[in-house]
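The following exercises are to be worked through with the sequence and the structure at hand. Each task is followed by a solution in steps.

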Amino acid sequence: MPAHSATAPERPASGDGRKNVSRRRFLGYLVAAPTLVVAAEIGRQTWFPGVPQANAAAVPSPPLPAELYDLLDALRDSMRPTANLIRIEVNRDGTVSFALPRSDNGQGIITSTQMIIAEEMNLDPDQVIVTQADARPELVFNQLTAGSSTTFSTYTPIRVAAALAQKRLLDAAANELRQDVNVLRSRQGLITGNNGEELPFGELTELASSAANEAVDVVLKDREQFTVIGTSRTKSDARAMVTGKKQFATDLQIPDALPTVICRGPNLNSAPQGANNLDEVRGMPGVTDVVEMTTGVAVRAKTFGQAIDAVNALDVSWDGGTVEGENDRSVLEKLRQGELPLAVPQVPGETIEGDFTFYFRSNSSLETNCAIADVRGGTAEIWGPAKNPIAAQAEIAKKLGIPQNAVTFHVTQGGGSFGRKLFFDAAEEAAEVSQLMGKPVKLMWTRADDSRQGRVHPMATSRVRAQVSGDTVTSFEIRHTSVATEGNPGLGEAITAAAQKAPGGNYTVSQSLYVLTQTNPYNVGVATSLLNEVDMRFNTSSMRNIYSPDTATARELMVDRVAEKMGKDPYEFRSAYTKLTRWKNVVDRAAQEADWGKSMPKGTAQGIAMHVEYKGVACAVVELDCRPETVDRKIRSARTGPRVTKVTYVVDAGLIINPRGYEAQMMGGINDGIAMTLTSGLHLDDGHFIEASWDNYFYTRQWNTPPEMNIVLIEDSESPEPGGAGEFGVAATCGAIACAYARATGKVPTEFPILHNEPLPFEPYPTVPPIPPSPTNGLDVAR
């Protein structure tokens, strides 16, 4: 792993005049139950992330909509009506249980949720048991994991519920000990009285319970009293992950659920037109069932290896799919036809324009698509990772022709997502196959399935025009045109999912998402950013954010060109023209940490870029090596090219729950940004993607990972709550790499990934003798 360092969040001194809402009263609910069960309701809070920066040279830019009300606000507002249905339970063994209605796919929200509850109840996080809730339709919009919104949306309601539980336990202990509640102390699940008497939580949970639902005012802890939130903690499942004990979907041992793989067509979304050798394949070793279904021909066998061998042996006729005959060039031509005009009138001064193309990128996560399904007797039970389980439950019920309440969807932890598991393709397929076979199935996509048939980040173009007059930018236009990004299924439940499928529905949602996420952090006069989308025939998704990595790359490259036109240093321009002091402070800190402007060898350069989104701001400074000896180095079956040798990353995202987890988020985002900018493009040819695995789809390899990362976390003193996390590491990194490439080579890149049009280096690995199939080695031979 690369060497790196992280700076702990800088805590504000008390009495700094910040807007502190921690002493506000909130409404909690006691839930009728034999043991203590509590819930929460929240009111609206608003905090302002900074003050405008005075700059006589810059023409102030009015804030774009997302700078006033963004996607985080929209998602939290949608979940408010059902926040009181999110409940915490104190158990008789003294532990605290919470079923989190969000999906953890490695981002660490189970650990951070443990920390939030532990903070308010004075527990050790290990005493808090956080699981993932099954699909709960009554939560409506409140079971969607998207847009880095989990902690922002759940932070206050979870704290309110935990504080109410703590209050009830203290009141019950005061009655038992016959002492004033103000003299009692709570620590690690024990309440201690004035005379040293102790009562564990478990002995109080029944006494603290309520026979009827009751509304209660709750006061939360002051931020200055935090001892858990803001401290670094290793993920609670870290040991299980490195020892192989962590259970993912395909690790679950569901009775009679045998490995199942689908034979898929050669082109994108090819549909089967009949299989010619079903009987022959049914007779192959280990095969139990072979059925034709909507997306292909499914094979169920005793091991995954046997299922894959049978899939490879199938002779199936296919239709041409949804993009037959299309290639990168033809799709790009359709995008060009849909581009919106640059419309700001010409004014005295100079016009600078940029035109950038972003090719398809795979959204295949480390864990390929997978799900377990048992559909028998008019009911269905599903196990799998899902960020939209309510919508999944509804869609599966519709496909199977059974009521929604006849479908139980168990949400499992996932092995990566970044938008991929917003969709539940594997769960729908598993349910269909199980119904056709009348047997439980454990469905897994192969890596080639994920690369060629899975969800992708859409191809797009970004056109930018800036008007410069002396030391002033008078206008800055962005026109982003994209292959349509599916936001399905709506806001995570059946109603908006259905609305999105209506004519024009997806476009309406796309426009809303674009407006709620796109910002321009600079004072550049009249700033506009508009979206148009075309072509609904691809399987797309919001990979590591939807639009921002692309629009940020285009914007930051153009900011460098504007600075050059004005005769200004790229950092100095950003520092001087940034809208808010809070954002400027992050830019200044990044330049300081990175020793911006230091002498570097010819063919290498620094690049700087900032990004504002989800209540936070990030600034990346990268050092990029574009010298021939680096670009042309030979590594077997590899794409080498330029190498990022150092990343300095400064981020301010409000209150940070777990600095170690946040740092890990940034590290992952940086590597995603390197891949998206330099190497990891999909090539479309005659209706299919060429790349079939990570052998020839070049995500960031170890030899392209920066040897040095310096990640600095700044905790904003004005924000009473956390912002987003998962997207920050990507967009600013993409922009900084692009700017560094332009400075190192003297050529402004216009296509991304930069190495997209170079030949695909792919050398098959030597043939090895096949591994004899057995119940224990199926996953080893899956490829």
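**Exercise 1.** Does Asp685 count as buried, partly exposed or exposed, and what is its relative accessibility?

*Solution.* The structure is a predicted model, in which local features need pLDDT of at least 70 and side-chain atom pairs count only at pLDDT 80 or more, while totals for chains, interfaces and linings use all residues. Residues are numbered from 1 along each chain as its sequence is written, and side-chain values use heavy atoms, with hydrogens and water left out.

Step 1. Buried means under 20% relative accessible area, exposed means over 50%, and partly exposed lies in between (1.4 Å probe, protein chains only).

Step 2. Asp685 has a relative accessibility of 37%, and therefore counts as partly exposed.

Step 3. Asp685 is found in strand S29 (residues 684–685); strands here are DSSP runs of E with at least two residues, and helices are runs of H or I with at least four, both numbered from the N terminus.

**Exercise 2.** Describe the backbone and the exposure of Asp686 and Asp256.

*Solution.* Step 1. Asp686 lies in the loop between S29 and strand S30 (688–689). Its phi is positive, about 50 degrees, although Asp686 is not a glycine. With a relative accessible area of 44%, Asp686 is partly exposed.

Step 2. Asp256 lies in the loop between helix H5 (238–243) and strand S11 (258–263). Phi of Asp256 is also positive, near 65 degrees. Asp256 is exposed, at a relative accessible area of 55%.

**Exercise 3.** Trace the open sheet that contains strand S24, and identify its edges.

*Solution.* Step 1. The sheet has five strands in the order S25-S24-S23-S16-S32, with mixed pairing. S25 and strand S32 (751–752) stand at the edges with a single partner strand each, so one side of each has no neighbour in the sheet. Two strands pair if DSSP finds at least two bridges between them.

Step 2. Strand S23 (residues 460–469) and S24 run antiparallel and are joined by ten bridges. One bridge partner pair is Gln467 and Ser475, the latter in S24. The two strands form a hairpin with two residues between them, and Gly470 in the turn has a positive phi of about 65 degrees.

Step 3. S24 runs parallel to strand S25 (residues 526–534), with nine bridges. Here Ser475 has Val526 of S25 as its bridge partner.

Step 4. Strand S16 (residues 350–358) pairs with S23 in the antiparallel sense over nine bridges, and Gly354 stands opposite Val464 in S23.

Step 5. Strand S24 (residues 472–483) is mostly covered, with eleven of its twelve residues buried.
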